[in-house]
Amino acid sequence: MFEKRYRFFGFLCSVILFIIFTNCSSDTSRSASTTFEVPTVENIVLYEINISAFSSTKNFQGVTARLDQIKELGVNTIWLMPIYQVGVVNSFGSPYCVKNYTKLNPQFGTLADLQYLIQKAHEKNIAVILDWVANHTSWDNVWMSNPSWYTQDSNGNIISPAGTNWNDVADLSFNNDTMRLAMIDAMKYWIDTTDIDGFRCDAADFVPFDFWQQAISSLNAIPNKHLIMLAEGARNDHFTAGFQMNFSWNYLGSLKNVFTSGQDVATLFATNTSEYAVVPAGKRKLRFTTNHDESNQATPITVFGNKQAALAASVITIYMEGVPLLYCGQEVGVSLSSVYNGSNTINWTVNGDMLGEYKKMMRFYATSDAARKGSLITFDNPNVVIFEKSMGAEHVLVMVNTRATSKTVGIPLVLQTNWTNVLSNVAKTLSSSLTLAPNEYLILRN
């Protein structure tokens, strides 16, 4: 009897040990598959994707196929332009004319395709945020069965957003609490079903502060989820509402004026200081030389005059202070706005020299603490942007000739030392003066 009990006890122990081992193995596997972490705001390198223009397939699979190329740019976060069903009534096909907030545009693929894209991005430590269009819907949106959810004129007619020419969309009323909750539920749907990492919120200045505060508080309450929230707007209260970033439209305007109108470089520094005067600690401005709105009008090569000038403007924008954004195709010098009109696609085989420069400048930015979050010191020169970023013992010096002619600049004594050129990995000693070729730029470290 004792022997039988002993055997049974031994068998039971074996079963228990097997279960424990299996669970431990399962936990280890789960842990290994969830090593992805959403980047903190000061470490974000953002890349905007126009899905229709991004690949010949014009779908999620086309994006998934190029994740390695995106990663090579030092990118750790991608922003997908609106992925939802597009309205037909009064519509010209804009993805910002949303017919149903919880249904995909079938041209982009299936829910499984989107989930796979996000899974593969996470495996490469790339976060994914969706474009969210909260201010308005298409005229045939499923919500139209609730007229009280929309802004109406004195005759009870639903209207387009006031003060705009956005006739393809109907303005939502944030005075309606039921609509607000439906909007938040729709945002939660994509987090729950696809594991996305946040939202770029379209026309955020048009939407009341208290809605953004309500929505972001609700989304941040989702367990075990750190979200990136980007406001396409410039209101100071976006940060109070919970956004980590908003857009630097004034900075872009000043940058263009310096390059194309000959304005003093000091005006760009002044804009940078002015923008950050109202940004709380731990928050950031989004900096860019283009995005889908800008490139729909003119691409950087057109705006700044040539490839070299477009690159020079990017160096300043990436390194000065803020979260850098690249718009798909910018890195290979897309020159025609028509590439983004829905019927064409980006040619990834052109301008390999430009792509190489973007890779080097972006990769260094992504790996340098001083470049991303170091303290900023600027130096006066009317034509050449000169600034230093410092953090601990690391110093990064950026010098960019904003003019289409050569410029000789005096080098401040504090900078007259030995440096290494980040892009060429060649030693560079600065003396009392330096001549820069038209739109030449230097990124140095020591």
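**Exercise 1. Find the residue in β11 that is the bridge partner of N246.**

Step 1. Start with the two strands in this predicted model: β10 covers residues 245–247 and β11 covers residues 284–287.
Step 2. These strands pair in the parallel sense, over three bridges.
Step 3. Look across from N246, and you arrive at K285 as its bridge partner in β11.
Step 4. Now place the pair in its sheet. Both β10 and β11 belong to a barrel of eight strands, closed in the order β1-β2-β5-β8-β9-β10-β11-β12 with parallel pairing. On average, neighbouring strands here are turned by 25 degrees against each other, direction ignored.

**Exercise 2. Work out which strands stand at the edges of the open sheet, and why one side of each lacks a neighbour.**

Step 1. Write down the strand order, which is β13-β14-β15-β20-β17-β18, six strands with antiparallel pairing.
Step 2. Take the two ends: β13 (375–379) and β18 (427–429) each have a single partner strand, so one side of each is left without a neighbour in the sheet.
Step 3. Check the twist: neighbouring strands are turned by 30 degrees against each other on average, direction ignored.
Step 4. Zoom in on one edge. β13 pairs with β14 (residues 384–391) in the antiparallel sense over five bridges, and I377 has E388 of β14 as its bridge partner.

**Exercise 3. Name the strands of this sheet that helix α10 touches, then the strands that helix α13 lies across.**

Step 1. Helix α10 (residues 266–276) packs on the sheet and touches β13 and β14. The direction of α10 makes about 40 degrees with that of β14.
Step 2. Helix α13 (residues 307–319) lies across β14, β15 (394–401) and β20 (441–445). Relative to β20, α13 runs at about 35 degrees.

**Exercise 4. Describe how helices α6 and α7 cross, and sort their contact by residue class.**

Step 1. Locate α6 at residues 177–194 and α7 at residues 209–220; their axes come within 10 Å and cross at roughly 35 degrees.
Step 2. Assign the hand: this crossing is right-handed.
Step 3. List who takes part. From α6 come R180, L181, M183, I184, M187, K188 and I191, while α7 supplies D210, F211, Q214, A215, S218 and L219.
Step 4. Sort them, and you get eight nonpolar, two polar and three charged residues.

**Exercise 5. Track down the aromatic pairs, a ring cluster and two arginines over ring faces.**

Step 1. Searching the whole structure gives 22 aromatic pairs.
Step 2. Follow the ring pairs through Y84, Y101, W132, W143, W149, Y189, W190 and F199, which they link into a cluster.
Step 3. Turn to the arginines. R66 sits over the face of W348, 4.1 Å from the ring centre, and R287 lies over the face of Y251, at 3.8 Å from the ring centre.

Key: Residues are numbered from 1 along each chain as its sequence is written. This is a predicted model: local features need pLDDT of at least 70, side-chain atom pairs count only at pLDDT 80 or more; totals for chains, interfaces and linings use all residues. Side-chain values use heavy atoms; hydrogens and water are left out. Axes are lines fitted to C-alpha atoms, for helices over the stretch in contact, and angles run from 0 to 180 degrees between N-to-C directions. Helices (H or I, at least four residues) and strands (E, at least two) are DSSP runs, numbered from the N terminus. A crossing is left-handed if the near helix is turned anticlockwise from the far one by less than a right angle, and right-handed if clockwise. Contact means heavy atoms within 4.5 Å. Ala, Val, Leu, Ile, Met, Phe, Trp, Tyr, Cys and Pro count as nonpolar, Asp, Glu, Lys and Arg as charged, and the others, Gly among them, as polar. Two strands pair if DSSP finds at least two bridges between them. Rings of Phe, Tyr and Trp (its six-membered ring) pair if their centres lie within 6.5 Å; planes under 30 degrees apart count as stacked, over 60 as edge-to-face and the rest as tilted. A charge sits over a ring if NZ of Lys or CZ of Arg is within 6 Å of the ring centre and within 35 degrees of the ring normal.
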